[in-house]
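Open the structure in your viewer and keep the sequence panel visible. The stops below say what to select next and what is there.

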Amino acid sequence: MPQLKEITASQLDTKEFVKEKVAEISETVGSGVAINALSGGVDSSAVTMLGAKALGNRLKTYFIDNGIMREGEPQKVAAIFKQLGVNVEIFDAQEEFFAALKGITDPEEKREAITQTFYKKVFGSLVKKSGAKYLLQGTILTDIDETVAGIKRQHNVFEQLGIDPQEAFGYKIIEPLVQLRKDGVRKVAEALGLPLSMYNRMPVPGPALSARVIGEATKERIALVRKATSILEEELAAVKAFQYMAILHSDRVTGIRDNKREFGQQIEIRCWDSIDARQARPTQLPFNTLEKLSNRLVREVPGVVSVTYNIATKPPSTMEAI
Ligand code: XMP
């Protein structure tokens with residue numbers, strides 16, 4: 001596999017890039033159909049726009065509702081794309097994903113379960129139904145670096161690991177963003193006419209909230225972390241950080257509520273300053289912001305008795321907890 005040539009954000013000529021990628025997609029797909037999964041993150045949003053420009057309604061865009069997304073995410077994202085003239089079909093696959101995650105506690109096994117459910121089970125059948133030969137997806141260079149280095153198996157990396165998607169899943173994958181990092185993708189997304197709320201959007205990993213539950217990602221535990229995430233996003237909305245997240249730990253700790261012992265849940269908050277996710281430092285949040293956040297989390301998320309703030313840098317931490 002040849003080394004991918006990086007295009008840095010400062011080198012990037014967005015107009016040229018868009019023109020080139022639209023032409024490449026048109027040429028590769030020919031008169032056929034391609035499909036893609038939109039998660040609403042900046043990478044898949046940029047790819048959706050590139051694909052729609054190249055293929056019009058020969059691109060079928062699905063939002064896979066895997067049950068591990070943030071509150072109201074499928075509907076919000078589909079509505080934004082509708083305004084941009086792109087039709088997005090929401091596909092309910094919640095039961096498939098929770099069945100695949102059942103009983104799994106190991107981080108890499110969890111990622112693998114999501115990968116297989118997404119690409120083989122859900123997409124395998126959608127591809128068959130649509131007659132598509134190609135899947136368009138928003139893999140970026142950082143995903144590949146970390147997967148190849150064996151740090152984290154990103155859900156969307158195959159060829160660099162010696163996996164042929166045609167053989168494994170029955171379709172080819174087109175990745176127009178593989179030479180870019182997050183800062184470059186944001187510039188391309190802006191050039192493609194996406195609104196600020198989309199091109200500036202905080203990253204959410206492919207395995208979504210299941211990457212933020214340590215241990216088994218059950219429906220109940222996902223619901224807890226989803227609630228914590230909503231509170232976090234409300235309280236930190238004005239903070240300029242690369243990414244923030246709430247993590248539900250698997251260890252419980254002794255707490256006290258209404259004068260009674262409560263062996264409760266622990267939430268860890270992470271908030272990162274970073275340029276391209278390769279290195280990151282914790283944001284120096286004001287203590288009263290953290291206190292307010294903690295007060296709401298213990299009050300509003302059932303069973304939470306402990307809230308911590310991560311102050312380690314990446315490396316040796318990674319940004320997500322699993
Ligand atoms: P880590 O945790 O590896 O995260 O330091 C670096 C950046 O990548 C995001 N991330 C992912 N993105 N698929 C993705 O598309 C994944 O499997 C995945 N895992 C982590 C993470 O949110 C952060 O922005």
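The tour goes from the ligand to a few backbone details, then to some buried residues. Keep in mind throughout that this is a predicted model.

**Stop 1: the ligand**

Select the ligand and the residues around it. There are 17 residues around the ligand, and those that come nearest are Glu146, Lys152, Lys314, Met319 and Glu320. Now pick out the polar contacts one at a time. On Lys314, a polar side-chain atom is 2.7 Å from an oxygen atom of the ligand. With Met319 the partner is in the backbone: one of its polar atoms there lies 2.7 Å from a ligand oxygen. Gln154 uses its side chain, where an N or O atom is 3.2 Å from a nitrogen atom of the ligand. On its own the ligand has 490 Å² of accessible area, and the protein covers 94% of that. Hide the ligand to look at the space it takes, which is the largest cavity.

**Stop 2: Lys314 to Pro316**

Stay with Lys314 and extend the selection along the chain to Pro316. Are the peptide bonds from Lys314 to Pro315 and from Pro315 to Pro316 cis or trans? Most peptide bonds are trans. The bond from Lys314 to Pro315, however, is cis, with omega near -15°. The bond that joins Pro315 and Pro316 is cis as well, with omega about 5°. Pro315 belongs to the segment after strand S10, which spans 304-309. Pro316 is in the segment after S10 too.

**Stop 3: helix H6**

Go back to Glu146, one of the residues that come nearest to the ligand, and select the helix that holds it, H6, residues 141-148. Six of the eight residues of H6 are buried, so the helix is mostly covered. The buried ones are Leu141, Thr142, Asp143, Ile144, Glu146 and Thr147. After H6 comes Gly150, with a positive phi near 80°.

**Stop 4: two positive phi values outside glycine**

Most residues other than glycine have a negative phi. Two residues to select here go the other way. Asp258 is not a glycine, yet its phi is positive, about 50°. Find Asp258 in the loop between strand S7 (253-257) and strand S8 (260-273). Ala277 also has a positive phi, near 75°, and is located in the loop between S8 and strand S9 (281-282).

Which of the words buried and exposed applies to Asp258, and which to Ala277? Asp258 counts as exposed because its relative accessibility is 67%, over the 50% cut-off. Ala277 counts as buried because its relative accessibility is 15%, under the 20% cut-off.

**Stop 5: Asn36 and Thr48**

Select Asn36, in strand S1 (residues 34-37). Asn36 counts as buried because its relative accessibility is 0%. Which residue in helix H2 should be selected with it? Take Thr48, which is in H2 (residues 42-55). Thr48 also has a relative accessible area of 0% and is therefore buried. The side chains of Asn36 and Thr48 are joined by a polar contact of 2.9 Å. Thr48 has another polar partner: a polar atom of its side chain lies 2.7 Å from the backbone oxygen of Ser44.

Next, show the contacts of each residue, leaving out those up to four places away in sequence. For Asn36 the contacts include Leu59, Thr61, Tyr62, Phe123 and Leu136. Thr48 touches Asn36, Leu38, Leu59, Thr61, Phe81 and Val86. To see a link between distant parts of the sequence, add Leu135: Asn36 and Leu135 are 99 residues apart in sequence, but their C-alpha atoms are 5.4 Å apart.

**Stop 6: Thr117**

Finish in helix H5 (residues 107-130), where Thr117 is found. Thr117 is buried because its relative accessible area is 5%. Beyond its neighbours within four places in sequence, Thr117 is in contact with Glu96, Phe97, Ala100 and Val122. For a distance label, select Ala99: its C-alpha atom is 9.5 Å from that of Thr117, and the two residues are 18 apart along the chain.

Terms used: Residues numbered from 1 in each chain as written. Predicted model: local features only at pLDDT ≥ 70, side-chain atom pairs only at ≥ 80, totals over all residues. Heavy atoms only, no water. Helix = DSSP H or I, 4+ residues; strand = E, 2+ residues; numbered from the N terminus. Buried < 20%, exposed > 50% of the residue type's maximum accessible area, 1.4 Å probe, protein only. Contact = heavy atoms within 4.5 Å. Polar contact = N/O pair within 3.5 Å; in protein donor to acceptor, adjacent residues only side chain to side chain. Near = heavy atom within 4 Å. Areas by Shrake-Rupley, 256 points an atom, 1.4 Å probe, with all protein chains shown as cover. 1 Å grid on protein atoms, 1.4 Å probe; cavity = no way out; pocket = protein on both sides within 12 Å on 5 of 7 lines; lining within 4 Å. Sits in = over half its atoms within 2 Å of the grid points.
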